[in-house]
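Thanks for sharing this one; here are my notes, set out as numbered points so you can check each against the coordinates. Please have the viewer open as you read.

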Amino acid sequence: MLGPSRDAKPVSVLNHASPSTIVSNAAATPRPSACPGLLRIVAARDGGLCRIKLPGGELSAAQARALADACARHAAGAIELTNRANLQVRGVKPGDEAALIAALVAAGLGPRPSSGAAKAPDTPAAIAADDVRNVMISPAAGRDPSALFDTRPLCADLLSMLQSETRFAALSPKFALLLDGGERLARVDHPHDVWLAASQEPDGVRFVFGLAGCPPASACAGSPTQYDDTGSPDLAAKPGAHSTAALAAVLPSQVPALVRALLFTFLELAPADATRMRHLLAGHCADALLHHAQRYVHFPLTRDASLAHWRRAAPADASLRLGVHPQRGPGASHVGGQPTLGRLDAGALRALAALSQQHGNGTLRFTPWQSVLLPDIATHAVPAVLSGLTTLGLATDPAQAITRLIACAGSSGCAKSLADTKADALRLAARLPDGVDVHLSGCSRSCATAHCAPYTLLAAAPGLYDLYRRDGRPGFGQCVARQLTIDQAADMFERLARSNTDA
Ligand code: SF4
């Protein structure tokens, strides 16, 4: 998750008394959290921070315009794309929080109306309903030619269930689900509390599932090549860092009941201080969790030993997020671009909405690589859309160095940061060699990414960083140099790239 939340304090206008009058079940009491949400704006160094969770990463052109207008009126900062395909508004002006929230809710953002959010958007129940909307699908769901299953309707069912079940208010706002339809454009290296992945079986598609990690990819089965965030061979990778073994498989129609059973199991067995599935697994084996979950479903729920070596069939290729790629069916493509270090201004968001409306299907799909896709672009309109993205300053080619850099908010937005990571990342972009992916983090919380990047520059002081290389160990990997300036880091990356080429 993105980080300013970690040091943020909830804005007082949104602090609430006990939620007991709203939520009758004691288990439904929302966990206290400093995470930003649409209904819980938190303070950061550059103003209020408001996170907007997008169902399936999708935003309509009308919503994009409403969001841009609200930002222009009530915020002074950027619109940030997050690593969970959500958006966040930075620099919300003091005193404008309620007006911003009202504008966003009126645009249909936030929890669905039947959860109570539209009538009373600042109630604990509405905040809890917003918090739990964490289901990730491919930004190319329903379009990717390799997909085994269109996950969008199932995603909508899961979101509806998460928002309507009051007991889920007790889940951490970080608790997250992955629903993988088998697309090539898919973020499957990002650990989730529950993952489900489509698998083609002789009698149809099943959803294989596992806990506290990612679906194992075919490259983990012994292939010598791992792929990095751009789809290039990753020379710093250790295979399967976050993958967890498949436990069993269910029919697509059984997925909502399975997820509900697993979440009830988590809530009933996890100690009060456990917020993630990995914490529960530290004290219970997966078989015990399945045994407990069985009481909530009418289909058998035991480990399927035949899936112990199951692997995701299609290799994921993150480079498909950029540029033009054909969709399933003739005559249409999705076109993608990446704003510099994941930030847009209101004018750029409005222009993206106009491009989508003029040439696409009137929607934008945000990706977990902090980029955006415009789906359903007819072949004749592709040049105009590519040109439009470039004019707006978005990178559309994975060869552009800026697409291989991520940086947290840094000292301009976060009091915890020891360096101006955004500005330093821009300086590094001018010298970053091909094939090198770098994450700049202002502190060890690593808000900009949930997975370990091939290389991490961890701020030690303004303009100085310790360099880590991913090697499979927890955290950022092995520290290979300390107190580097950006120029020294660039020298080192050039040497590393040369030695990899020479090898
Ligand atoms: S410095 Fe960066 S990583 Fe650390 S809390 Fe702030 S935004 Fe997150």
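Does S446 count as buried or exposed? The answer is in the first point, and please keep in mind throughout that this is a predicted model.

1. **S446.** With a relative accessibility of 13%, S446 counts as buried, because the cut-off for that label is under 20%. This serine sits in the loop between β18 (438–441) and β19 (455–461). Its backbone deserves a look too: the phi of S446 is near 55°, a positive value in a residue other than glycine. Most residues other than glycine have a negative phi.

2. **Q370, a second positive phi.** Q370 also has a positive phi without being a glycine, with a value near 60°. You will find Q370 in the loop between β15 (363–366) and β16 (372–378). Its relative accessible area is 6%, so Q370 is buried.

3. **The chain overall.** For context, the model has 11 helices and 21 strands. Of the 503 residues in the chain, 58% are buried. Among contacts with a separation of 6 or more, 67% are between residues 24 or more positions apart. The accessible surface comes to about 19000 Å², and carbon and sulfur atoms account for 55% of that area.

4. **Helix α2.** Which residues of α2 (97–106) are buried? They are E97, L100, I101, L104 and V105. Viewed down the helix axis, these buried residues fall within an arc of 130°, so they line one face of α2. Their cover includes β3 (47–52), α1 (61–74) and β6 (87–92). After the helix comes G108, with a positive phi near 85°.

5. **Helix α5.** Here is a simple geometry check. Helix α5 covers residues 255–269, 15 in number, and at 1.5 Å a residue it should span 21 Å; the end C-alpha atoms are 21 Å apart, which agrees. The buried residues of α5 are V255, P256, L258, V259, A261, L262, L263, F264, T265 and F266. One of them, F264, reappears in an aromatic cluster with F168 and Y296.

6. **Aromatic pairs.** The count of aromatic pairs comes to seven. In one of them, F149 and F207 have ring centres 5.2 Å apart and planes at 85°, so the pair is edge-to-face. This pair links distant parts of the chain, 58 residues apart: F149 is in the loop between β7 (135–136) and α4 (152–164), while F207 is in strand β10 (204–213). The partners differ in exposure: F149 is partly exposed, with a relative accessible area of 25%, whereas F207 is buried at 0%.

7. **The tryptophan pair.** W195 and W310 are stacked, at 6.0 Å centre to centre with 20° between the planes. W195 belongs to strand β9 (192–201) and W310 to the loop between α7 (286–293) and β12 (323–326), so the pair ties together parts that are 115 residues apart in sequence. Both W195 and W310 are buried.

8. **H334.** This histidine is found in strand β13 (332–337). What is its relative accessible area? The value for H334 is 4%, so it is buried. Leaving aside neighbours within four places in sequence, H334 is in contact with A140, L185, L320, G323, V324, H325, Q327, L373, L374 and P375. For a distance to check, the C-alpha atoms of H334 and V385 are separated by 10.0 Å, with their positions 51 residues apart along the chain.

9. **T396.** T396 is in the loop between α9 (382–391) and β17 (405–407). Its relative accessible area is 16%, so T396 is buried. Beyond neighbours within four places in sequence, T396 is in contact with L322, G323, G336, G337, L386, L389 and T390. G323 is also among the contacts of H334.

10. **R470.** Is R470 buried or exposed? This arginine is buried, with a relative accessible area of 14%. R470 lies in the loop between β20 (464–469) and β21 (478–484). A polar atom of the R470 side chain is 2.5 Å from the backbone oxygen of C452, so the pair falls within the 3.5 Å cut-off for a polar contact.

Note on methods: Residues numbered from 1 in each chain as written. Predicted model: local features only at pLDDT ≥ 70, side-chain atom pairs only at ≥ 80, totals over all residues. Heavy atoms only, no water. Buried < 20%, exposed > 50% of the residue type's maximum accessible area, 1.4 Å probe, protein only. Helix = DSSP H or I, 4+ residues; strand = E, 2+ residues; numbered from the N terminus. Arc of directions from axis to C-beta. Contact = heavy atoms within 4.5 Å. Polar contact = N/O pair within 3.5 Å; in protein donor to acceptor, adjacent residues only side chain to side chain. Expected span 1.5 Å × (residues − 1). Areas by Shrake-Rupley, 256 points an atom, 1.4 Å probe, with all protein chains shown as cover. Phe/Tyr/Trp six-rings, centres within 6.5 Å; stacked < 30°, edge-to-face > 60°.
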